[in-house]
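Please open the model in a viewer and keep the selection tool at hand. The tour below proceeds one selection at a time.

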Amino acid sequence: MSLIIDHVSKSFPNQNKTLPVLRDIHLEIQGGEFFCIAGPSGCGKTTLLNIIAGLEPADSGTTTWNGKRIDHIGPERLMIFQELGLFPWLTVLQNVEFGLKMKGISAKERRKTALVHLEMVHLAKFKDAYIHELSGGMKQRVALARALAMDPQVLLMDEPFTALDAQTRDMLHDELQRLWTTTKKTIIFVTHNIREAVCLGDRVAVLSARPGILKNIVSVSLPRPRRIEDHGLMEIVRVILEELKGEIEKTVRDEFHEDTVR
Amino acid sequence: MKTRFVRQILFYGILLAIWEGLALAQVWPGYIFPSPLDVLRSLAEGFRDSTFWVAIGISLRRIAVGYGISVILGGLLGLLISRFSVVKDTVGNLSLGLQTLPSICWLPLALLWFGINERAIYFVVIMGSMFSITMATHAGVRNVQPIFIKAGRNLGARRITLFREVIIPAAMPSILAGLKQGWSFSWRSLMAGELLFVNLGLGHLLMMGRELNDMSRVIAVMIVIAAISILTDKFIFGTAESHLQRKWGLETKT
Ligand SMILES: Nc1ncnc2c1ncn2[C@@H]1O[C@H](COP(=O)(O)OP(=O)(O)OP(=O)(O)O)[C@@H](O)[C@H]1O
Ligand SMILES: [Mg+2]
C-alpha cells in the first residue's frame, strides 16, 4: 500500500492573475506510515490535503493510492478538516453515525460501531450531547471518532490541534499515537508547528513558503510514544527551523508587500 | 422573571380599571364603549352558543389548508431556486417581486377568477405567504456554511442524501424563521379576506358584530383572534425555535 503524489502542481485564480500555490510536489507515502507535512501558513498544506482527499483536482501531476488514480472522493481516504465540520443539528452519536448511515448500514449496526469509536476516544458518556456543548478538545475527538468509524485506510488531518491549549494538545498527541499504533491507519498530518510534526511523524515533509515546494523530508526514528518536550526532538526541530527561518521571513515580507501595494 | 410578572399584572390591572372606570362614567354610550364585563359576557355567550367554536373551526381549517399548501409549494420552490440557477434567475426573480405585494391586493383578482368562495380565500392566503417561505428557504440553503457540505461529501453524502441530511438541516434556522413569517402573513391574509368577503370564520364574525352594532361582540372576537395568534406563536413556533436553539447553541442562531 502506498500513496504517490507525482509531481503535483496547483494554482488558484486571484484577482485576474494566477496564484501558484503548490509547485511540483513529489511524495511517496507508505501504507501505515505516520506522515507529517509542515510549512508556513498559506503554503498550500490544506490544498495538498484536498487534492489527496479528492475534493479538488490538481492542475498537473497525478495522485495515486495503491496504483489507483485519485480523481474523486473515496471512502478509503477521509479528511478531518481544519474547521472540523461537525454537524450542530446532530448529537455526538449521530455525528459519528453519519458516514455509516450514508453507507446504508442498518441503524442498529451503525449505533454499535459508533459507540465503539466513541469509547475509543473516551467520549461515550457524551453521546447524547450536542456539539456546542463540547470543549474544543472534545470536538476534535468527536471528529476523530467520526472519521475512524468509517474505517478509512488513509486519515488526512488538517492542523487538528492548533486551537487547543497545551495540556489538551499533549493528551491528544498521546491518544492519536495510541490509536495509530492499534489501528494501523496511514495518517497524513498537516501542521505549521514543526515540533508537533517531529513529535508525531515517522517522516516530516517540510514545504517552503508559497508557492509550496518540497524543501526537505526528515525521518524521525525516535521511539514511541513520544512527548512534545522530549529532548531528542529538539535537535531535529532545530535543524528544520533553521532551514525554515528564511521561508517564514519571506512569507511575512510577501504578505506585507501585497498589503502595502494594494 | 418575577418582577416582570408583577409589572405585567399591575399594568393590565390598571388598564382594565381605567377601561371599567370610563365605561362606568358613561363618557360614551354603552353600544360604542362597552365595559370589560360586557365583553366578558359576550365572550362567554359566544362560546356557549358555539358560534365562536364554529367560527374558530372554520378559520383554522382554512388556515391549515392555505398555509399547508403555502409551506409545501413555497418550500419546494425555494429548494428549486437554490438548486437550479435557471429557476433562480426567472421564477426566483418573480417571487422576489411578488413577495413585496401586500396579500390583500390579490383579492380583486381572486374574486374575478374564482368568485366568492373558498378557493378565492385559499388563493389569497397562499399568495400572501408562499413567497416569503420561498425566499427564506432559498436564503437558508444559500447561506449553508461550505464546511458542512464538504464534510458531508467527505463522509459519503451525495446529491439527494447531501440535500436531505446536510443542506436542509443546516438551513433549518432560516427556514423556520420563514415559516413563522409565512404563518403570520397567511393568518393576516385570512382575516382580511374573511372580513371583506367570505362567509363564516372569525373575520366574518367580526364584520357581523359591526353590522349588529354589537361592540362588545366585536371586541370579544378580536380577543379570540389575538389569542389564537399568541398561542400558535408561543406553542408551535416557540417550541420549534427553542428546540433548534437547544441543538445549535444560542449564539449560532441565525
Ligand atoms: N479556493 C481557493 N480559491 C482561491 N485561492 C485559494 C483557494 N484555496 C486556497 N487558496 C489560496 O491558496 C493559498 C494556500 O492555501 P491553503 O489553505 O492551502 O494554505 P495552508 O498552507 O493550509 O495555510 P494555513 O496554515 O494558514 O491553513 C492561500 O494563499 C490561499 O489564499
Ligand atoms: Mg490550512
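Is Thr46(A) buried, partly exposed or exposed? Select Thr46(A) in this predicted model: the residue is partly exposed, because its relative accessible area is 26% and the partly exposed class runs from 20% to 50%.

Next, display the magnesium ion, which is ligand 2. Thr46(A) coordinates the ion through OG1, and Gln82(A) does so through OE1, at 1.9 to 2.6 Å. These two residues link distant parts of the chain, being 36 residues apart: Thr46(A) belongs to helix α1 of chain A, whereas Gln82(A) lies in the loop between β6 (77-80) and α2 (92-102) of chain A. Select Gln82(A) as well; Gln82(A) is partly exposed, with a relative accessible area of 37%.

Now turn to ligand 1 and select its surroundings, a group of 13 residues. Among the closest are Lys45(A), Thr46(A) and Glu159(A). By character, the shell holds six polar, four nonpolar and three charged residues.

Three polar contacts can then be picked out in turn:

- Thr47(A): an N or O atom of its side chain is 2.5 Å from an oxygen atom of ligand 1.
- Gly42(A): a polar backbone atom is 2.8 Å from an oxygen atom of the ligand.
- Gln82(A): a side-chain N or O atom lies 3.2 Å from an oxygen atom of ligand 1.

Ligand 1 taken alone exposes 630 Å², of which the protein buries 65%. Finally, colour β2 (17-30) and α1 (45-53) of chain A, the elements that each give two or more residues to the shell around ligand 1. The largest share, three residues, comes from α1(A).

Methods:
Residues numbered from 1 in each chain as written. Chains lettered and ligands numbered in written order. Predicted model: local features only at pLDDT ≥ 70, side-chain atom pairs only at ≥ 80, totals over all residues. Heavy atoms only, no water. Near = heavy atom within 4 Å. Polar contact = N/O pair within 3.5 Å; in protein donor to acceptor, adjacent residues only side chain to side chain. Areas by Shrake-Rupley, 256 points an atom, 1.4 Å probe, with all protein chains shown as cover. Helix = DSSP H or I, 4+ residues; strand = E, 2+ residues; numbered from the N terminus. Nonpolar A, V, L, I, M, F, W, Y, C, P; charged D, E, K, R; others polar. Donors = N, O, S within 2.8 Å, 3.2 Å for Na, K, Ca; no water. Buried < 20%, exposed > 50% of the residue type's maximum accessible area, 1.4 Å probe, protein only.
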